[in-house]
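Let's take a walk through this protein together, one piece at a time. Have the picture ready and follow along as we go.

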Amino acid sequence: MEKWNQTSNDFILLGLFPSNQSGLLLLSLIFLIFIVASVGNSAMIHLIRLDARLHTPMYFLLSQLSLMDLMYISTTVPKMAFDFLSGQKGISFLGCGVQSFFFLTMACSEGLLLSSMAYDRYVAICHPLQYTVRMSKTVCVKMIIGSWILGSINSLAHTVYALHIPYCRSRAINHFFCDVPAMLALACIDTWAYEYMVFVSTSLFLLFPFLGITASYGRVLFAVYHMRSKEGRKKAFTTCSTHLTVVTFYYAPFVYTYLRPRNLRSPAEDKILAVFYTILTPMLNPIIYSLRNKEVLGAMTRQFGIFSAKKQKSWLSFPFFSFSRLIRTS
């Protein structure tokens, strides 16, 4: 390995699992999650495009979330699976930069988009009469374009800097993808200034949006608490808690990983935490935000005929994204 390191600019990804039967079993589970996430997010994008009743700001944002999740999980899992099955763990210098760019773009853009979706629900519930103004098609498009552009600019800056760092140590990255903090451990210069930039970026794109989402749902819960309908209040509380759980699954491991000082990081711990926001969350989002939604299942019935009204009623324990309807009927 030492000879390889001295004669090549490429990197080695050490991967997530050991090269044995247990690792193969775990990889099979991860690949199954990848398939479920890919099918679920692709189906959501296609369904929202086909069904005219879903052409609203809320579902427009949701389609973008599905697109980001689809690209997000496709950035890491196929390469990880190929490396494990082929035994070839190398990745070119340029390939590492491309993977890092798309990973960071999706991560930052999704962080901003989730905050936009929380704002959409906040306006729908707390200011329903102003919804068409505050969440017009123009505003929705600006939110989406802003998320993509800001995420891409931030990602480009980090990727360019990471690729210009001189690496004079081992080229073996102790991760299953080209994660910038894992790459910094191989640098032969002091990177404290860049680590401060990572801290600022993580705060702007992840920590602050997460706090904003928490505040939005806090205001929503306050409004729901004053509903007269006990059944509606119970459904809304359950929905809010489920949404916050998924959001926490995405933000908390990310923020914890990127805001910790280098001397407190553990490569094994970082890889486990990365599974939550790179693999599990893209699978959970279409289930939590979409497939347990009466409007989405109704669209599936109209477009594909796969859910009858009777099945919808028995499968759904509560409707998602129907807070404003609950408030009007309470």
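A good place to begin is strand S1, residues 11-13, which is joined to strand S2 by two bridges, the two strands running antiparallel. Look for Phe-11 in this pairing: its bridge partner in S2 is Ile-91. Keep in mind, as you look, that the model is predicted.

Why can strands sit together like this? Strands of a sheet pair through backbone hydrogen bonds, and they may do so in a parallel or an antiparallel way. Here the sheet is an open one of three strands, in the order S2-S1-S3, and its pairing is mixed. Strand S2 (90-91) and strand S3 (172-173) are at the edges with a single partner strand each, so each of them has one side without a neighbour in the sheet.

Now let's turn to the helices. Two packed helices are described by the angle between their axes and the distance between those axes. Try this on helix H3 (residues 57-86) and helix H4 (residues 93-126): they pack at an angle of about 155°, and their axes are 9 Å apart. Angles over 145 degrees count as roughly antiparallel, which is why H3 is described as roughly antiparallel to H4. Their crossing is left-handed. What kinds of residues make up the contact of H3 with H4? By class, there are 15 nonpolar, six polar and five charged residues.

A second pair to find is helix H6 (residues 137-164) with helix H8 (residues 192-225), which pack at an angle of about 165° with axes 12 Å apart. H6 and H8 are therefore roughly antiparallel to each other as well, and H6 passes H8 in a left-handed crossing. Which residues meet where these helices touch? From H6 come Leu-150, Gly-151, Asn-154, His-158 and Tyr-161, and from H8 come Tyr-194, Met-197, Val-198, Ser-201 and Phe-205. By class, this contact of H6 with H8 has six nonpolar residues, four polar ones and no charged ones.

Finally, let's set the model beside a database record. An unreviewed UniProt entry lists several stretches under "transmembrane region", among them residues 24-47 and 176-194. How much of residues 24-47 is helix in the model? The chain there is 100% helix and 0% strand, with its end C-alpha atoms 34 Å apart. Residues 176-194 are 42% helix and 0% strand, and the end C-alpha atoms of this span lie 22 Å apart.

Key. Residues numbered from 1 in each chain as written. Predicted model: local features only at pLDDT ≥ 70, side-chain atom pairs only at ≥ 80, totals over all residues. Heavy atoms only, no water. Axes fitted to C-alpha atoms, helices over the stretch in contact; angles between N-to-C directions. Helix = DSSP H or I, 4+ residues; strand = E, 2+ residues; numbered from the N terminus. Parallel < 35°, antiparallel > 145°, perpendicular 65-115°, else oblique. Left-handed = near helix turned anticlockwise from the far one by under 90°. Nonpolar A, V, L, I, M, F, W, Y, C, P; charged D, E, K, R; others polar. Pairing = 2+ DSSP bridges. Contact = heavy atoms within 4.5 Å. UniProt positions renumbered as here; feature names shortened; annotations may be inferred.
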